[in-house]
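Open your viewer, switch to a cartoon view and keep the selection box handy. We will walk from the overall fold to single residues, one stop at a time.

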Amino acid sequence: MLNNKVIILLVLMFFIISVFCSDPDPVNDYCIAISEDNKFSCKNSSLATVEDFTFSGIKSPGNFKATGFTSLGVNSNVFPGLNTLGVSFVRADFDVGGVNVPHFHPRATEVAIVLEGKIYSGFVDTKNKIFAKVLEKGEVMVFPRGLVHFQMNVGDVPATIFGSFDSQNPGLMKIPNVVFGSEIKDELLEKAFGLNSKELSKLKKRFSPS
């Protein structure tokens with residue numbers, strides 16, 4: 001039978017693991033970050049105004065004409081009032097045929113709603129099972145934390161999605177950029193994807209950081 005010390009240790013371990021499973025709970029009503037580089041120092045609450053808790057930067061679509069897709073993130077970097085609240089937001093706009101490439105958020109689950117258009121949307125779980133369908137205006141889909149997901153405009157007009165995250169810094173890793181835009185050795189990529197050096201060079205040029 002477990003003694004009291006072991007039980008206490010197990011409880012403490014469970015508590016510590018739970019704490020690190022998501023963004024920490026705030027200890028104040030809010031903490032308006034003084035600057036993007038200093039999120040640990042809060043603006044004096046007596047100086048706070050309603051403007052600290054409103055944001056108008058996603059009223060209009062981004063410029064998706066060049067690539068067919070654009071996203072506008074709303075996090076504590078651009079909206080200081082979100083600091084410590086454990087949430088963030090994104091607006092994504094698609095031209096006809098526009099694609100949000102397979103990607104994942106290592107620190108957050110995402111819930112997305114289609115505001116306009118028709119979006120082929122889905123994710124793949126760790127058993128390689130795909131969950132995907134065409135979403136229409138007003139429909140919602142959830143993408144579990146850390147799983148690869150994607151969207152494509154399959155309608156005949158531009159489309160818009162709003163997405164919310166349960167983290168103020170969900171992170172973003174786009175699969176093509178991670179694989180071909182990093183410094184993974186060419187030999188490994190050629191063997192892993194069955195590419196020749198010319199094909200690989202083309203992909204690396206396309207997805208390497210500008």
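Before selecting anything, note that this is a predicted model, in which local features need pLDDT of at least 70 and side-chain atom pairs count only at pLDDT 80 or more, while totals for chains, interfaces and linings use all residues. Residues are numbered from 1 along each chain as its sequence is written, and side-chain values use heavy atoms, with hydrogens and water left out.

**The whole chain**

Start with everything displayed. The secondary structure comes to 4 helices and 12 strands; helices (H or I, at least four residues) and strands (E, at least two) are DSSP runs, numbered from the N terminus. Of the 210 residues, 31% count as buried, where buried means under 20% relative accessible area, exposed over 50%, and partly exposed in between (1.4 Å probe, protein chains only). Contacts here are heavy atoms within 4.5 Å. Among the contacts with a separation of 6 or more, 66% are between residues 24 or more positions apart.

**First sheet**

Which strands form the open sheet that has E3 and E9 at its edges? Select E3, E4, E11, E6 and E9: they make an open sheet of 5 strands in that order, with antiparallel pairing. Strand E3 and strand E9 (140-143) are the edge strands, each pairing on one side only. Two strands pair if DSSP finds at least two bridges between them. Neighbouring strands of this sheet are turned by 20° against each other on average, direction ignored; axes are lines fitted to C-alpha atoms, for helices over the stretch in contact, and angles run from 0 to 180 degrees between N-to-C directions.

Now zoom in on E3 and E4, which pair in the antiparallel sense over 6 bridges. Show Val 74 as sticks, and you will find Phe 89 of E4 opposite. Next, follow the loop between E3 (69-74) and E4 (88-94) and stop at Thr 84. Thr 84 has a positive phi of about 75° although it is not a glycine, and its relative accessible area of 24% makes Thr 84 partly exposed.

**Second sheet**

Move on to E8, E7, E10, E5 and E12, which form an open sheet of 5 strands in that order, with antiparallel pairing. The edges are E8 (130-135) and E12, each of which pairs on one side only.

Center on E5, which has partners at two sites worth displaying:

- E5 (residues 99-104) pairs with E10 (residues 148-153) in the antiparallel sense over 3 bridges; select Val 99 to see Met 152 of E10 opposite.
- E5 is joined to E12 (residues 173-174) by 2 bridges, again antiparallel; select Phe 104 to see Met 173 of E12 opposite.

Then select Asn 128, in the loop between E7 (119-124) and E8. Asn 128 has a positive phi of about 70° although it is not a glycine. Is Asn 128 buried or exposed? At 67% relative accessibility, Asn 128 counts as exposed.

**Asn 153**

Go back to E10 and pick out Asn 153. Its relative accessible area is 2%, so Asn 153 is buried. Which residues surround it? Leaving aside neighbours within four places in sequence, Asn 153 is in contact with Phe 94, Asp 95, Val 96, Gly 97, Gly 98, Lys 118, Ile 119, Pro 158 and Ala 159. Draw a distance from the side chain of Asn 153 to the backbone of Asp 95: a polar atom of that side chain lies 3.0 Å from the Asp 95 backbone oxygen. A polar contact is a pair of N or O atoms within 3.5 Å; within protein, one must be able to donate a hydrogen and the other to accept it, and residues adjacent in sequence count only if both atoms are side-chain atoms.

**Ala 33**

Select Ala 33, found in E1 (residues 33-35). Ala 33 counts as buried, at 8% relative accessibility. Add Gly 81: the two C-alpha atoms are separated by 7.1 Å, although the residues are 48 apart along the chain.

**A helix crossing**

Finish with H3 (residues 186-193) and H4 (residues 197-207), whose axes come within 10 Å and cross at roughly 110°. That crossing makes H3 roughly perpendicular to H4, since angles under 35 degrees count as roughly parallel, over 145 as roughly antiparallel, 65 to 115 as roughly perpendicular and the rest as oblique. Show Asp 186, Leu 189 and Glu 190 of H3 with Ser 197, Leu 200 and Lys 204 of H4, which make the contact. These residues divide into 2 nonpolar, 1 polar and 3 charged; Ala, Val, Leu, Ile, Met, Phe, Trp, Tyr, Cys and Pro count as nonpolar, Asp, Glu, Lys and Arg as charged, and the others, Gly among them, as polar.
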